[in-house]
Amino acid sequence: MAAVSLGKKKGKAPEKRPPGKKQKRESFPAKSSRKEGIVSNLDGRKAKKKQKEVSSSAKRSKKDEILSDSDVSDEEIEEQEDVGPDSGSDMSSDGDDPFTDDFLQGSDEEGDIYPRTVGSELDSDSDVSDIEEKSRAIDKEKAREEEDAEAELQLNIKEEADEFRLPTEEELEEEARQPPDLPSLQRRIKEIVRVLSNFKSLRRQGETRKDYIEQLKLDLGTYYGYNDFLIEVLVEMFPVVELMELIEAFEKPRPICLRTNTLKTRRRDLAGILLNRGVNLDPLSKWSKVGLVVYDSQVPIGATPEYMAGYYMLQSASSFLPVMALAPQEKERVVDMAAAPGGKTTYIAALMKNSGIIYANEMKEPRLKSLTANLNRMGVTNTIVCNYDGRELPKVLGRNTADRVLLDAPCSGTGVISKDESVKTSKDLTDIRNSSNLQKELLLSAIDMVDANSKSGGYIVYSTCSIMIHENEAVIDYALKKRNVKLVPCGLDFGRPGFVRFRGQFQFHPSLEKTRRFYPHVHNMDGFFVAKVCVILGGNLKKMSNSMAAPTVTETSEVVEQISEPTASDVEGEVPQHLGKEHTAKKNASLKNNVPKDEKENNPKPTRKREDRKRFNREEVVKSREERREALREAYRAQKGGRKKGGSVE
């Protein structure tokens, strides 16, 4: 019976293959729908997998029981297959062959394995896609929040700007009793600057520009630490927007600069060596052929072997400018009136190629050590170091002895606040005036030392590290009135021109436009002032010339007559040559005072016409004087000898 049933199954197997194929084809859509559920829900996918594994294991065990029991009829097999969990499929069990069922079941199992592998790949892809979607959603949410925050901030700023008002006296008193609120001060400064930049449309009714400026001065002094005098001067000199840029620039350090010593090396070679040592640098600018700017360094820039060997000098960019304006030539006589620590002096020596003579003067004796050390390190051999007050140099070195003079005058230092913040509170109007008076005296001494007849020179360069008008334009204008000098272009193609007039307080000579001002917020260097003055001869104005005026023919004849008719006092004692001028001046004054008034009125001084004057050779005058003096000495000796002889005879 069992054998017959097996035979029947073998015979009927080919007839059931088409439905089996159909079942196999139809099983994939069901599984694909299951895969979609898995992709949509990860937890549900795992649960279904477990359920499927349990059902497939139960099905295998049931098939083994059926195939092992050969006495079971076809109807029982079909009934048992219908009882299984997968019996509800599209496949019909009437007259099925067990081998066909086994083949189909095997195909089902094989079909289960393939979709399971594809499902794992799809699962990984779905995980990646889920992460990407979530990250995109997070980015969108973050961007939306930032946009909302920015819009809210702008709205708040606009509302605050529209509602800004100056604080009342009660509020200021309350602020004075409490520690300063720096964020509030900064916000108020910005609002005041904004209102003053467009005062006509942004001001509140009943508030004047003066009210805003006074409040701005108070807030700037409190926030940045300036005294009342300095902040008032800065507010008067600059517009409010530029004033804020200048004050912010004073809070930041200036770049570190090097000057190549062309006596020992070239800039290209020095830059290559320092780059190899880990120094990040670039050429300073187009206007300098020897400057380098340092951004950062892995080694101490002031202690490298190249520095010790004198290949370069640590020097601010603004210190290059006076020497460039002076433009010294080879084989000249140059005076540096305030030389320490030697940066400008060594630069002059490099431009002169160690030729000519440089007088490096420094009044403060402790600073002579750094000056001499830098001169020796940089290989300078044409410099003489001296220690005098600059106002006495014309007496020491002589008048009309220098071709060029550099005066980097001592000043208040208001242009280098980034280096010395004590200037914010330590300087007042008295200090500025004292500096101005000293600078005027030094500049006149510098002019007196310059030879107006120099073939290649005759120039004075005046510079300060100050931005005060009292120390810059006012000093140059004073020199123009006291000496026969004129301003010439500095030779610097950048920088702002100097002031010609200032708020009705100052009115200067129009040529002061040739001076140059440098600011940290504009040129990224220390605040500096440079002026170049040329000495001239003659002129229509009555000025004290730096060169001795040549005597006229009439004056020479008067001098000769005076020498030819010596007085009794001249015969009694010989006057030393170096005291001749003072003695003659005193004697002329005494004679003038002894003249009666009637004689003065009756004998007025004759007026001489300028066109009748003739130049007289000074050498001839000096020669005639010496001859007359020698004759007087011989006559005096002869007279004295005669007296001695007469006394002995008696």
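## Strands β5, β6 and β7

Let's start in the middle of a sheet: R333 has I357 of β6 as its bridge partner. That bridge belongs to the pairing of strand β5 (residues 333-336) with β6, which is parallel and runs over four bridges. To get from β5 to β6 the chain goes through helix α15 (residues 343-352), and this β-α-β crossover is right-handed. Keep in mind that what you're looking at is a predicted model.

On to the next pair. β6 also pairs with strand β7 (residues 383-386), again in the parallel sense and over four bridges. Here the bridge partner of A360 is V385 in β7. The chain crosses from β6 to β7 by way of helix α16 (residues 368-377), in a β-α-β crossover that is right-handed. As for β6 itself (residues 357-361), four of its five residues are buried, so the rest of the structure largely encloses this strand.

## The chain as a whole

Stepping back, the chain has 26 helices and 15 strands. Of its 650 residues, 38% are buried. The accessible surface adds up to about 39,100 Å², and carbon and sulfur atoms account for 51% of that.

How do the contacts spread along the sequence? Take the contacts between residues at least 6 apart in sequence: 73% of them join residues at least 24 apart.

## Helices α9 and α11

Helix α9 covers residues 209-224, and its length works out nicely: at 1.5 Å a residue, its 16 residues should span 22 Å, and the end C-alpha atoms are indeed 22 Å apart. The buried residues in α9 are Y212, Q215, L216, K217, D219, L220, G221 and Y224. What covers them includes α6 (169-177), α7 (182-197), α8 (199-202), α10 (228-237), α11 (240-250) and α18 (423-426). Just past the end of α9 sits G225, with a positive phi of about 85°.

Helix α11 is mostly covered too, with eight of its 11 residues buried. Those are V240, E242, L243, M244, L246, I247, A249 and F250. The cover over them includes α7, α9 and α10, along with β11 (496-497) and α21 (520-523). So α9 and α11 each appear in the cover of the other.

## Two buried serines

S412 is found in the loop between β8 (404-408) and α18. Its relative accessibility is 4%, so S412 counts as buried; the cut-off for that is under 20%. Which side chains does the S412 side chain make polar contacts with? One is S466, at 3.5 Å, and another is E471, at 2.6 Å. Leaving out residues up to four places away in sequence, S412 touches V423, K427, I432, S435, S466, M468 and E471.

S454 is in another loop, the one between α19 (429-449) and β9 (459-464). Is S454 buried or exposed? With a relative accessible area of 12%, S454 is buried. A polar atom of the S454 side chain lies 3.0 Å from the backbone nitrogen of G457.

Note on methods: Residues are numbered from 1 along each chain as its sequence is written. This is a predicted model: local features need pLDDT of at least 70, side-chain atom pairs count only at pLDDT 80 or more; totals for chains, interfaces and linings use all residues. Side-chain values use heavy atoms; hydrogens and water are left out. The expected span of a helix is 1.5 Å times one less than its number of residues. Buried means under 20% relative accessible area, exposed over 50%, partly exposed in between (1.4 Å probe, protein chains only). Contact means heavy atoms within 4.5 Å. Accessible areas come from the Shrake-Rupley method with a 1.4 Å probe; for residues, only the protein chains shown count as cover. A polar contact is a pair of N or O atoms within 3.5 Å; within protein, one must be able to donate a hydrogen and the other to accept it, and residues adjacent in sequence count only if both atoms are side-chain atoms. Two strands pair if DSSP finds at least two bridges between them. A crossover is right-handed if, with the strands pointing away from the viewer, the path from the first strand over the helix to the second runs clockwise.
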